[in-house]
Amino acid sequence: MLLSNMHLCLFGYLYKNIGLANNMDDSLLSWAGSIAALTQAVSRISVGCLYDRIGFKPLFYTLSVLTMIAGLTCYVARHNQWTYFFVIQLSYFANSGLYSLFPTAVYKTFGQLHGPRIYSIILLSGSCACITSITLMKVVYNMMGLPLWVLFFFGAFCSFIALVINISFNERLDTEKLDQ
């Protein structure tokens, strides 16, 4: 979850500034943010329903790929307002889907006793992603003077790493290790 959240933690509070710097209409960017709230609701409901049908791994792979696409294209998309609008929606859709994907998977994997404890740690990773993104903004962007696209590519790379880590994830309750 930490790695999967990096893109939106970086892009979520910058998309409006980037759009305004590229002469996009402020009201369009405000609408993009408002519609993103609806996009998040749709994502949470649809990913939650799809989880019951196809499971964790395919959904996580899909959300990770969508996040990578958003991370790799968000800075380039700033030149076209409608493409940029779409990338904003894509970013929020992919990120929001994670929050409805993890609770059941964690419960199935770690059981009734340990699942809630593990999930609370996983939720803390979202805060850690925000703190990491602030640090990246202060060090990489402000102090080192690197362009913003480097940060967005880093967010996409973090999603790729999360995707690779997911390959070894096994969503089944290990009852032998449960009581240890």
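Which helix does F160 lie in? I opened the notebook with this residue and, working on a predicted model, found F160 in helix α6, which covers residues 148-166.

**Entry on the surface patch.** I then looked up how far F160 is covered, and its relative accessibility of 40% makes it partly exposed, because that class takes in values between 20% and 50%. I noted next that F160 belongs to a nonpolar patch on the surface, in which it is joined by F154, F157, V164 and I167, and that the accessible area of these residues together comes to about 460 Å².

**Entry on the cores.** Turning from the surface to the interior, I asked which residues of the largest nonpolar core touch the most other members. This core has 30 residues, and the ones I wrote down as touching the most other members are F11, Y84, I88, L148, L151 and F152. I listed the elements that give two or more residues to this core as α1 (2-11), α2 (15-21), α3 (26-54), α5 (81-143) and α6. Of these, α5 supplies the largest share, with 10 residues. I also recorded a second, separate core, which has 16 residues and includes M1, L63, A94 and Y119. As background for both entries I kept in mind that nonpolar side chains tend to be buried together in soluble globular proteins.

I followed F152 a little further, setting aside its neighbours within four places in sequence, and found it in contact with L10, F11, L14, I18, G71, C74 and Y75.

**Entry on the aromatic rings.** I searched the whole structure for aromatic pairs and obtained 10 of them. For F11 and Y15 I noted ring centres 6.1 Å apart and planes at 45 degrees, so this pair is classed as tilted. Both partners are covered: F11 counts as buried at 0% relative accessibility, and Y15 counts as buried at 10%. I compared this with F56 and F60, whose rings form a stacked pair with 5.4 Å from centre to centre and 15 degrees between the planes. I placed F56 and F60 in helix α4 (residues 56-73), where they are four residues apart, or about one turn of the helix. F56 is buried with a relative accessible area of 4%, and for F60 I also read 4%, which likewise makes it buried. Returning to F11 and Y15, I saw that ring pairs link them with Y75, Y84, Y92 and F152 into a cluster.

**Entry on two polar residues.** Is N166 buried or exposed? I found N166 in helix α6, and its relative accessibility of 3% makes it buried, since the cut-off for that class is under 20%. Apart from its neighbours within four places in sequence, N166 is in contact with F56, K57, F60 and Y61, and I noted that F56 and F60 are the residues of the stacked pair recorded above. I also looked up the separation of N166 from Q89, which is 77 residues away along the chain, and their C-alpha atoms are 24 Å apart.

What does S64 touch, not counting residues up to four places away in sequence? I wrote down S159 and L163 as the residues it touches under that condition. S64 lies in helix α4, and I recorded it as buried, with a relative accessible area of 3%.

Note on methods
Residues numbered from 1 in each chain as written. Predicted model: local features only at pLDDT ≥ 70, side-chain atom pairs only at ≥ 80, totals over all residues. Heavy atoms only, no water. Patch = residues over 30% accessible without salt bridge, like charges linked within 9 Å, V, L, I, M, F, W, Y side chains within 5 Å. Areas by Shrake-Rupley, 256 points an atom, 1.4 Å probe, with all protein chains shown as cover. Salt bridge = Lys/Arg side-chain N within 4 Å of Asp/Glu carboxyl O. Buried < 20%, exposed > 50% of the residue type's maximum accessible area, 1.4 Å probe, protein only. Core = buried A, V, L, I, M, F, W, Y, C linked by side-chain atoms within 4.5 Å. Contact = heavy atoms within 4.5 Å. Phe/Tyr/Trp six-rings, centres within 6.5 Å; stacked < 30°, edge-to-face > 60°.
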